[in-house]
Amino acid sequence: MSGPVLAVVAVTDGVPERASVEALALARGVAGSTGGALGAVLFGDPGAMRGAVAALAGSGVSTAIAVEHDRLTPDHPDGWASAIAQVAESRGAAAVVGAGTERGNDLLARVAARLDVPLAANCLTVEPGEVWAISRQRWAGSLIEDCRLDARIKVLTVAPNTVAVGAPDGSPAPALETAAVTLTDADLAVHVTGREAPERGKISLTDAKVVVGGGRGVGSGEGFADLEELASLLGGAVGGSRVVTSAGWRPHADQIGQTGLRIAPDVYIACGISGAIQHIVGCKAAKHILAINTDPEAPIMGVADYAVIGDLHAVVPAISAEIRRRSSSA
Amino acid sequence: MNILVCVKRVPATGGRIVLTPDGTDIDTRYLGFTVSPHEECAVEEAVRIVETRGGSTTVLTLGPAAAEDQLRDAMAIGIERAILLETDGRDWDPVATARAIVEAIRAHETTNGPFDLILFGNESADSGGFQVGIRVAAALGRPVVTGIKSLAPGEASVVARRETAAGGWESFELPLPAVVTVKEGINLPRYPSVPGRLRAKKKEIERSTPAWASGGLEKVSLRLPAAEITQAEVIGGGPEAAPAVVELLVRIGVLDR
């Protein structure tokens, strides 16, 4: 009988985080193959764990594990890593599975370092065996690697938005167990020492229903005025490719792509963007993509649903004018 | 302040990735090479810190002999010293990579004194393992934070800030020596000057050849995700297309009818 498969489930206000639920779904499949039990290590504020246990009904988890330590908070990444490593060791876990979010990859990498095993980050599929056969994302998902993972305890994260979460079945809410852990001062040395709240009133690129993106074709920082105007008429936000932020035409916080933001608006209007894969991985989740470009052969045409061939500095103001004309005649 | 920056040579992929016929690697015959974007910023950050506070900077890479180019690129914008851990071109997994880097750091620190700050990129552009910086820090027993977009070093500590998922910021104050992995956006890297390039060309590079080892994660092959290639429907050309675009926006539901 194989050891348990432990999924790390991040919980906020009693609700498991979406990416963790996806990781849990993959972990359930793994446990099904190995014949091991499925456990969930609850990560978050200790006070909020009761609600989370109820929320895990129907997900196949037999045991939910709440870590107990009076000094541990969600702001102690090494403390959590040490706690999860201790739980994995003491329960003879076959695998520890977490979400491939920024914080998830950070946490599971710390766990893997402590256990002296590799982390397989951003996995898509996992087939247990003597050596595990794994597929995982490279290049932020523009390439897939098939690899073999050979380790005492398999530590992996699951690429967000890639695993289908089934409807809850009849499995009961898991039993809640507490795990006492021993943490040293060194484990608790790294912790959040300050916080700043998000800026108010600005439509964020990740929440906007319409995003107008600019690339090299915009030509300058001033050239973004046309895009700003269209975005404001549509109640949307403006972003850019890496070329644009590297040139200083837009702040880096507006970058869409591999080293910037992943967006998923109803429509993405890509203006003067050729469509390097590093940009595409950031915008391909948009429901519709409209490309405005002088080059009908640009790679962006291979991902866009619609295209207007022409100079964005002529086309974009014409669209804005048309929107204004309609609203004044309405 | 003595700073080490660790970088990785990666292909500069453009519109489309092409694989070698055996599917084990990216076909790089027609590609240039660079370092991961986050690491470009780590190099710039190290140069800026030392420009204002004094100290020394070193860049290190584990990679093939040709990775010398990336070390010289870093020296061209102001990094003083370079260390090449030369490989035979095989893939090194994150465990083996971190071990080789730790060994090189220990050897270097024994003769030259400790690095106050070791910088990495948050993740490499190609393999995206998200762990070498964390593993190196763990092995050296130093604190580490990841995803950093602002860095303020003091005498005995450094304050590192990163964005939260909600769009705010959180900060960490770490005692030195420390390890930090940074993200693009922490700064805007400069272009190397011509004199900078010429100086970099003549500099010595410290070399060693660590033995390849398996760390437990082994690449078998690569493949492109299932084709998502579509062909855009051209709805018009030039400003005359505006009414058709507006009609489309109405149909999609982002503009009132």
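In strand S13 of chain A, A:Gly240 is the bridge partner of A:Gly214. That pair belongs to a parallel match between strand S12 (residues 210-214) of chain A and S13(A), joined by four bridges. This is a predicted model, so read every detail here as a feature of a prediction. Look at the side chains along S13(A), residues 237-240: A:Ala237 and A:Gly239 point one way, A:Val238 and A:Gly240 point the other way, and all are buried.

Now step back to see where this sits. The domain assignment splits chain A into domain 1 (5-180) and domain 2 (210-329). Measure between their C-alpha centres and you get 37 Å.

Over in domain 1, a good place to start is strand S1 (residues 5-12) of chain A. Seven of its eight residues are buried, so S1(A) is largely enclosed by the rest of the structure. What does S1(A) pair with? One partner is strand S3 (residues 38-44) of chain A, which runs parallel to S1(A) over seven bridges. Another is strand S5 (residues 95-99) of chain A, also parallel, with three bridges. A:Val5 is a handy landmark, since A:Val5 has A:Leu38 as its bridge partner in S3(A) and stands opposite A:Ala95 in S5(A). The third link is to strand S2 (residues 15-16) of chain A, antiparallel this time and held by two bridges, with A:Val11 matched to A:Pro16. S1(A) and S2(A) form a hairpin with two residues between the strands, and A:Asp13 in that hairpin takes a positive phi near 50°. As background, strands of a sheet pair through backbone hydrogen bonds, either parallel or antiparallel.

Next, the nonpolar interior. The largest nonpolar core has 181 residues, and the members that touch the most others are A:Val41, A:Ile84, A:Val96, A:Ala304, B:Val5 and B:Val180. Domain 1 (5-180) and domain 2 (210-329) of chain A both contribute residues, so this core lies between them. To get a feel for the packing, click on A:Val96. Leaving out residues up to four places away in sequence, A:Val96 touches A:Leu6, A:Val8, A:Ile84, A:Ala88, A:Leu108, A:Val111, A:Ile153 and A:Val155.

Time to bring in chain B. Its 257 residues include 44% that count as buried, and its secondary structure comes to six helices and 14 strands. The C-alpha trace of chain B spans about 70 × 45 × 40 Å along its principal axes. Among contacts in chain B with a separation of 6 or more, 70% come from residues 24 or more positions apart.

How do the two chains meet? On the chain B side, 70 residues are in contact with 76 residues of chain A. Several elements of chain B give two or more residues to that side, including helix H1 (37-53), helix H3 (94-112), helix H4 (132-140), strand S10 (169-175) and helix H6 (242-252). By type, the chain B side divides into 35 nonpolar, 23 polar and twelve charged residues.

S10(B) deserves a visit, as the two chains share a sheet there. Strand S11 (residues 192-196) of chain A pairs with S10(B) in the antiparallel sense over four bridges, and A:Glu196 stands opposite B:Trp169. The open sheet has four strands in the order S11(A)-S10(B)-S9(B)-S8(B), with antiparallel pairing. At the edges are S11 of chain A and strand S8 (150-153) of chain B, each pairing on one side only. From one strand to the next, the twist averages 20°. Inside the sheet, strand S9 (residues 157-163) of chain B is joined to S10(B) by seven antiparallel bridges; one place to find this pairing is B:Ala160, which stands opposite B:Phe172.

Finally, follow H4(B), another of the elements on the side of chain B that touches chain A. Is H4(B) mostly covered or mostly uncovered? H4(B) is mostly covered, with seven of its nine residues buried. Those buried residues are B:Val132, B:Gly133, B:Ile134, B:Arg135, B:Val136, B:Ala137 and B:Ala138. They pack against helix H4 (102-115) of chain A, together with H3, strand S6 (117-121), S7 and strand S11 (178-182) of chain B. Just after H4(B), B:Gly141 takes a positive phi of about 70°.

Technical notes. Residues are numbered from 1 along each chain as its sequence is written. Chains are lettered from A and ligands numbered from 1 in the order in which they are written. This is a predicted model: local features need pLDDT of at least 70, side-chain atom pairs count only at pLDDT 80 or more; totals for chains, interfaces and linings use all residues. Domain bounds come from an automatic or database domain assignment. Two residues are in contact if their C-beta atoms, placed from the backbone, lie within 7 Å. Ala, Val, Leu, Ile, Met, Phe, Trp, Tyr, Cys and Pro count as nonpolar, Asp, Glu, Lys and Arg as charged, and the others, Gly among them, as polar. Two strands pair if DSSP finds at least two bridges between them. Axes are lines fitted to C-alpha atoms, for helices over the stretch in contact, and angles run from 0 to 180 degrees between N-to-C directions. A residue is buried if 20 or more other C-beta atoms lie within 10 Å of its own, exposed if 12 or fewer, and partly exposed in between; C-beta atoms are placed from the backbone. A nonpolar core is a set of buried Ala, Val, Leu, Ile, Met, Phe, Trp, Tyr and Cys residues joined through C-beta atoms within 7 Å.
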